[in-house]
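Q: I'm new to reading protein models and keep tripping over the vocabulary. Can you walk me through this one, term by term?

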Amino acid sequence: MPTEQYHEPPGELPEDVRTFARMCTSLIEEAEAIGWYAQRLALERDEAAAAIMRDAQDEEFKHFSMDLEFLFRQTPLWRKVAERVLFQPGDITENADAAEAVFEEGGDDEEAPLTPGADGSLGIGSLKGMQR
Amino acid sequence: MNHLLRDLAPITDRGWEQLEDEARQQLVASLAARKLVDFSGPHGWQHSATNLGRTETVQTAVVEGVKPVRRRVLALVEPRVDFSVARSELDDIARGAEDADLDDLAQAARRIALAENVAVFNGWGEAGITGITAATPHKPIGLTDDLTACPRHIARAVEVLLSSGVGGPYGLALGPEVYKSVIETTEHGGYPLFDHLRKILDGPLVWAPGVDGGVVLSLRGGDFLFECGQDIAIGYDSHDGENVALYLVESFSFRVATPEAAVALPAPKASRKRR
């Protein structure tokens with residue numbers, strides 16, 4: 001089945017990078033679906049139909065959050081930045097400016113892990129959770 | 001090009017893909033420690049040491065009244081295993097062969113995985129690594145040849161951990177001999193021993209080359225810390241008309257933050273096999 005989720009030849013990408021790309025695509029699709037339901041709900045006059053759409057949108061909120069959490073777990077630097085922006089009170093752009101400090105603290109070179117496979121490795125990483 | 005010098009190797013993209021697939025398959029099966037301990041990284045080839053957050057005294061002060069201490073760090077160790085691939089096999093891969101002879105690579109992968117497991121579970125003195133079984137203060141619970149007693153041993157180990165305030169879930173690393181015996185054994189009524197042990201642990205049983213008998217350890221996190229610089233990669237060394245010389249390499253450190261979070265279950269002496 002054709003797919004446009006890879007920017008580079010899939011055969012040259014390590015398995016974990018392919019998974020990462022698939023989850024990024026999934027995240028985009030969930031966000032799109034949330035937006036689509038928002039538009040449909042704005043126009044729908046039938047209460048029963050609207051209730052079903054709200055229920056479906058609720059599911060998409062959950063799916064989006066799960067995708068995002070997976071990506072954060074794979075990319076600690078992304079998580080660090082997000083922690084300073086998400087669920088923070090105050091001005092969003094100011095919080096984003098404050099998140100820049102993560103890079104200034106050296107979080108992108110010394111402490112934070114590289115993107116999977118970016119070290120030229122086989123991209124094996126953690127296997128915690130495997131059953132055998 | 002990075003330090004692995006892969007661009008200098010006479011290997012096609014398809015060849016690299018098959019080498020990596022074979023290595024990955026072998027490694028994922030054998031890297032037992034990574035299935036049970038916390039993994040941090042990869043932090044890259046330039047990452048040289050783990051911060052321990054501790055200091056040691058420096059006896060000599062260069063200026064009177066100045067009291068210096070020196071930071072203690074744990075240097076990463078770099079295991080490397082050489083292997084070679086025949087150029088004729090690489091040519092066949094380029095033609096579309098799916099059954100190339102990559103035995104030397106497979107052996108190298110198993111060997112580097114074994115080194116990692118041994119370092120984590122048994123320790124590696126010269127590399128400054130204290131293994132889980134050496135660090136634990138708990139008395140070992142010896143396994144016996146009668147594996148129907150195994151659930152009692154595992155339950156005792158779990159009870160020891162609970163008594164020390166170490167919560168679960170728990171995992172069990174089993175040396176290959178014991179692992180084989182466990183999956184072959186059924187209890188009264190035909191219930192598989194493997195499933196019984198998993199219920200006691202509330203966690204996985206892991207095939208662990210390099211482990212003597214078994215080790216029960218907590219999977220709650222924060223107790224056993226594997227820090228990876230360079231994750232396992234294939235590098236290029238040299239080539240001639242017949243063979244391409246390659247190697248597997250990684251860099252890592254390991255430390256035990258909570259020695260109480262594991263219990264060793266050594267195999268009965270008679271059934272111990274040489275690694």
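A: Let's start with burial: 40% of the 275 residues in chain B are buried. This is a predicted model, where local features need pLDDT of at least 70 and side-chain atom pairs count only at pLDDT 80 or more, while totals for chains, interfaces and linings use all residues. Residues are numbered from 1 along each chain as its sequence is written, and chains are lettered from A in the order in which they are written.

Q: What makes a residue "buried", and why is strand β10 of chain B called mostly covered?
A: A residue is buried if 20 or more other C-beta atoms (placed from the backbone) lie within 10 Å of its own, exposed if 12 or fewer, and partly exposed in between. In β10(B), residues 224-228, four of the five residues are buried, so "mostly covered" fits.

Q: How do you know that β10(B) pairs with β1(B) and with β13(B)?
A: Two strands pair if DSSP finds at least two bridges between them; strands themselves are DSSP runs of E with at least two residues, and helices are runs of H or I with at least four, numbered from the N terminus. Three bridges join β1 (residues 38-40) of chain B to β10(B), and these run parallel. Five bridges join β10(B) to β13 (residues 252-256) of chain B, which run antiparallel. Both counts reach the cut-off, so both are pairs. As for partners, B:Phe39 is bridged to B:Phe226, and B:Phe224 stands opposite B:Val256.

Q: What makes a set of residues a "nonpolar core"?
A: The members must be buried Ala, Val, Leu, Ile, Met, Phe, Trp, Tyr or Cys, joined through C-beta atoms within 7 Å. The largest such set has 76 residues, and those with the most contacts inside it include B:Leu172, B:Val216 and B:Leu248. Helix α3 (residues 103-121) of chain B gives the largest share, nine residues.

Q: Why are B:Val216 and B:Ile154 said to be "in contact"?
A: Contact means that two C-beta atoms, placed from the backbone, lie within 7 Å. B:Ile154 is on the contact list of B:Val216, which leaves aside neighbours within four places in sequence, so the pair meets that limit. B:Leu172 and B:Ala262 are also among the partners of B:Val216.

Q: How many residues does each chain bring to the contact between chains A and B?
A: Chain A brings 17 and chain B brings 28.
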